[in-house]
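Hi,

Here is the structure I said I would pass on. Have a look at it first, and then read on for what turned up.

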Amino acid sequence: VQLQACGGGLVQPGGSLRLSCVASGSIFSINLMGWYRQAPGKQRELVAAITRGGTTTYADSLKGRFTVSRDNTWTTVYLQMNSLKPEDTAVYYCNTKTSRNEFWGQGTQVTVSS
């Protein structure tokens, strides 16, 4: 499975961004797609994930501001980020899991700054 993420950029505090991640290859084997992020000097952490059945998981601190969704073809996962804060600044990575493997996208930078 190959993952291509896009949509990052510079946004002011309080603004919004929408990240997209397109999967290609053996997409039939994907069970879960999601997003992680890694800020400078910190460990990579789960942001949100969605299963093939539509069940979502969020980091507790992000509930209500971030929304993960997917398209019906199960090739694209989205992360809608609202009310962004400077502490949301990080590299955001798309992630997908099959029954046997885990795959990562290349990461997209999100910077929240005035």
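Let me start with the outside. The accessible surface of the chain comes to about 5900 Å², and carbon and sulfur atoms account for 48% of that. Before you go further, please keep in mind that this is a predicted model, so every value here is computed from predicted coordinates.

**The chain as a whole**

You won't find a helix here: the count is 0 helices and 11 strands. Reading from the N terminus, the elements simply go β-β-β-β-β-β-β-β-β-β-β. Along the principal axes, the C-alpha atoms fill a box of roughly 40 × 25 × 20 Å. The radius of gyration is 13 Å, which agrees with the value near 13 Å for a compact globule of 114 residues. Of those 114 residues, 44% are buried. If you take the contacts with a separation of 6 or more, 51% of them are between residues 24 or more positions apart.

**The aromatic cluster**

This is the part I'd zoom in on. How many aromatic pairs does a search of the whole structure find? It finds 2.

One of them is Tyr36 with Trp104: the ring centres are 5.0 Å apart and the planes meet at 65°, and since an angle over 60 degrees counts as edge-to-face, that is what this pair is. Tyr36 belongs to strand E4 (residues 30–38) and Trp104 to strand E10 (residues 102–104), so the pair ties together parts that lie 68 residues apart in sequence. Are the two partners buried or exposed? Tyr36 is buried, at a relative accessible area of 17%, because the limit for buried is under 20%. Trp104 comes out as partly exposed, with 35% relative accessibility.

Trp104 also pairs with Tyr93, with 6.4 Å between the ring centres and 85° between the planes, so this pair is edge-to-face as well. It links distant parts of the chain too, with Tyr93 in strand E9 (residues 90–98) and Trp104 in strand E10, 11 residues apart. Tyr93 is buried, at a relative accessible area of 15%. Put together, Tyr36, Tyr93 and Trp104 make up one aromatic cluster.

There is a charge in this picture as well. Which residue lies over the face of Tyr93? That is Arg44, at 3.8 Å from the ring centre. The charged end of Arg44 also sits over the ring of Trp104, 4.6 Å from the centre of that ring.

**Another spot to look at: Gln80**

You'll find Gln80 in strand E8 (residues 76–81). Gln80 is partly exposed, with a relative accessible area of 27%. Leaving aside residues up to four places away in sequence, Gln80 touches Ser16, Leu17, Arg18, Arg65, Phe66 and Thr67. Take Leu17 from that list: Gln80 and Leu17 are 63 residues apart in sequence, yet their C-alpha atoms are 6.2 Å apart in space. There is a partner along the sequence as well, since the side chain of Gln80 makes a polar contact with the side chain of Asn82, at 2.9 Å.

If you want a place to start, try Trp104, which shares one aromatic cluster with Tyr36 and Tyr93 and has the charged end of Arg44 over its ring.

Cheers

Conventions:
Residues numbered from 1 in each chain as written. Predicted model: local features only at pLDDT ≥ 70, side-chain atom pairs only at ≥ 80, totals over all residues. Heavy atoms only, no water. Phe/Tyr/Trp six-rings, centres within 6.5 Å; stacked < 30°, edge-to-face > 60°. Helix = DSSP H or I, 4+ residues; strand = E, 2+ residues; numbered from the N terminus. Buried < 20%, exposed > 50% of the residue type's maximum accessible area, 1.4 Å probe, protein only. Lys NZ or Arg CZ within 6 Å of the ring centre and 35° of its normal. Rg over C-alpha atoms; globule rule 2.2 N^0.38 Å. Contact = heavy atoms within 4.5 Å. Areas by Shrake-Rupley, 256 points an atom, 1.4 Å probe, with all protein chains shown as cover. Polar contact = N/O pair within 3.5 Å; in protein donor to acceptor, adjacent residues only side chain to side chain.
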